[in-house]
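Welcome, and thanks for taking a look at this one with us. Below is a short tour for the bench, arranged by topic.

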Amino acid sequence: MGLAASQARFLGITARKASCEFKSTELAQTKMELTNQMSDIANEYAHSLNSTKLIWQNETVGGTYNMSYGLLMSPGYLNDFNPYMITSPSGAIVLDDRFAQAAKNAGITMAGGVPSKDGRDAFIAALAGNGVITNETSEIVKSQAWDYTAGMGGLILDKNTVDVYDLSAVIEDPDFGGKTIPWGISGVSEFDGKTINDYVNSKSADYKNAAKILFEVDDKTNIENDKTYSLIGSDKYGEIIEDYNNQISEMQDKVSEADKIINDETSDAASKAQAAIDKSNAEQSLNNLTSGKDAIENSYNYYNSKLVSGMFSLESKLVTNTSSELINKYSLIQNGSINKDSSRIASITFGDLLTDEIVLAVRYNDDSKKAVQNKFIDEATDILETLKKTFEAKFGYNIDDMSAQAIDYAWTMVKRNFLNIGNAVNLNPTKTDDTVASNSAYKNASENNRIGLDNSDIALSLSNAAKAFLTYYANVVNSELDFGVAKSVDMSKYVTSSIDYVYLGQSKENEIPQEEKLSDFYNQLYNNICAHGWRKDDSVNQDDYLENMIKNGRYSVSALSSDGYYYQVQYNSISYLQEVVDQDAIARAEAKYSQKKAEITAKENEIDIKSKKLDSEIAALTQELESVKQLISNGINKAFSTFSN
């Protein structure tokens, strides 16, 4: 029995030792694989240290931007309102899906086409139709003459008419920062030197249509000169509304006729299907007509209310000659103190909003709460919308589409956050004495980018709103900026806190009209597409893809030469286009390398610990195995000795 037990023990130890040795071999192989992975990661990291990227840098206006298809193919101050076209080796213009669709709609084949004014206009209309450019830009370009020599050896225009403004220059600029705030002045007189026509053209299409119905400008001079602006009578307005009513009635009849077919049991399936389509189309037209009619009626009523004795009235909602309403009902808190000086109030500028802390507040009782809040928001909206329009006139639509989009976004965000009672902050509400500057509504407004409320007051920091507006604008113009508007002021980083950020405004010297700059840009683009043909590449809008195609020589950049023609050039020969070390890519690669290295090192350490345990166990098993072998040998010798005796 002893010999059998020893033999069983011997087999068990042998199996255990073999298992440990196998695991040790597996761990050794795993560690070898990790070593290979580490080598690959190290090579990848070393390769990434040579990473470069293409940037766009216009020294005239400063700033560095990532190169993108949109930047090259959109008119703006960064490219001096000249397109930089991506071209294939054969010279064809590379278009993304939207540009390609516009070329098709304009009748330009991939081999090119014969340019014409009608073709140019069709191309521009298609670009607006699929969102490449705004409808306003489309109308501007189409209203201009087509120049068949643009980009084809014609005269080169110097379209770089942009000046650089730092914050102090913005604050002091007479066209923006120096403008006094129209406290509640509504109507059409927000800008000195602007005509009614200018004002109407800055409104939406609905307002433009209403204006055409309402009045015609007898003398396009400043409103301050007391010139007459005659009202087009109710007859024309009635004709427009009657036309809408007739069309609405027609669509209603079509809906009814379709319903009859759909509900008629004797109608066949095809007829019912067609009726359903007809009904859907008629309902859509009905909705559009109803909305159009409402817009016209609302706009007519809006403008009609502004007309007194055939002239536009400068209505003053808050500040009268004595400023009694502002002083007695509204409170203007400037740098922590209530300002009741009418002359000082009238002299406050938009620049003051950026340098001082100015809060508008008003008190209400429980019965008037909702009405006062709505009135307050209307007044604040008028003030901030005027700030938006004044900034826009200097730094917006007269620069490029990107600036226009940035201003629209900034205004949308200001309305959403600062002019929405649903987002109001109502922390620690109190009902205080007449010292408005000490109550919680003022505190909530001054410390947040929201309306501030308490039990008796509503307040809004016009200064926070102005700073936020510029910050929203800057973030769209240059998305690389590290600025942001949070709910609280403490968590926000306004662009106005940076002394390095610059604003780009229209230069007064050698100014070329915006319509001429836009027209020349799209004439050059259209003419070259017709002359050289085009190729569609849906991926060209992807920055990394476009950069690799250019770096690898599969695509070239076609740039305007001094002779007025476009030629394919090496990307590094364009002064605005530079290849620089991609610090971001290197940083990402380094972070990835450090993470992977740490993971592999941790796994290697774990393997080393397991290997040491296995080595110790194998050594112990080897020693134990020798002991068992000795016992078995002794047992066998003893058995032979016993039987031999």
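**Strands, a cavity and confidence**

Strand β3 (residues 85-87) pairs with strand β17 (residues 556-560) in the antiparallel sense, over three bridges. Please keep in mind that this is a predicted model. The mean pLDDT of the chain is 77, and 77% of its residues reach 70 or more.

**Around β17**

- In the pairing of β3 with β17, Met 85 stands opposite Ser 558 of β17.
- β17 also runs antiparallel to strand β18 (residues 566-569), and four bridges join the two.
- Ala 559 has Tyr 567 in β18 as its bridge partner.
- β17 and β18 make a hairpin with five residues between them. Gly 564, in the turn, has a positive phi of about 90°.

**The three-stranded sheet**

- An open sheet of three strands has the order β2-β1-β19, and its pairing is antiparallel.
- Its edge strands are β2 (64-66) and β19 (577-581), each of which pairs on one side only.
- From one strand to the next, the twist averages 50°.
- Five bridges link strand β1 (residues 52-57) to β19 in the antiparallel sense, and Thr 52 stands opposite Val 581 in β19.
- Helix α19 (residues 543-551) packs on this sheet and touches β1 and β19. The direction of helix α19 makes about 100° with that of β1.

**The cavity**

- Rolling a probe the size of a water molecule over the atoms shows where empty space is left.
- How many cavities of 30 Å³ or more does a search of the whole structure find? The search finds one, and about 40 Å³ of space lies in the largest cavity.
- The residues that line the largest cavity include Asn 82, Ala 150, Gly 151, Gly 154, Leu 155, Ile 156 and Leu 157. Asp 520, Gln 524, Leu 560 and Gly 564 are also among them.
- Two of these names tie back to the hairpin: Gly 564 is in its turn, and Leu 560 falls within β17, residues 556-560.
- By class, the lining has five nonpolar, five polar and one charged residues.

**Where to read with care**

- Which elements of the chain have the lowest and the highest mean pLDDT? Strand β9 (residues 311-312) has the lowest, at 30, and strand β4 (residues 93-95) the highest, at 96.
- Over residues 185-233, pLDDT stays under 50, and the model has 97 contacts beyond four places in sequence for this stretch.
- Residues 306-328 also stay under 50 in pLDDT, with 51 contacts beyond four places in sequence.
- Where pLDDT is low, the predicted coordinates should not be read in detail.

Definitions and conventions
Residues are numbered from 1 along each chain as its sequence is written. This is a predicted model: local features need pLDDT of at least 70, side-chain atom pairs count only at pLDDT 80 or more; totals for chains, interfaces and linings use all residues. Side-chain values use heavy atoms; hydrogens and water are left out. On a 1 Å grid over the protein atoms alone, a cavity is a set of points where a 1.4 Å probe fits but cannot get out, and a pocket is an open set with protein on both sides within 12 Å along at least five of seven lines; lining residues have an atom within 4 Å of a point. Grid points are joined across faces, edges and corners, and a volume is the space filled by probe spheres set on the points. Ala, Val, Leu, Ile, Met, Phe, Trp, Tyr, Cys and Pro count as nonpolar, Asp, Glu, Lys and Arg as charged, and the others, Gly among them, as polar. pLDDT is the predictor's confidence in each residue, from 0 to 100. Contact means heavy atoms within 4.5 Å. Two strands pair if DSSP finds at least two bridges between them. Axes are lines fitted to C-alpha atoms, for helices over the stretch in contact, and angles run from 0 to 180 degrees between N-to-C directions.
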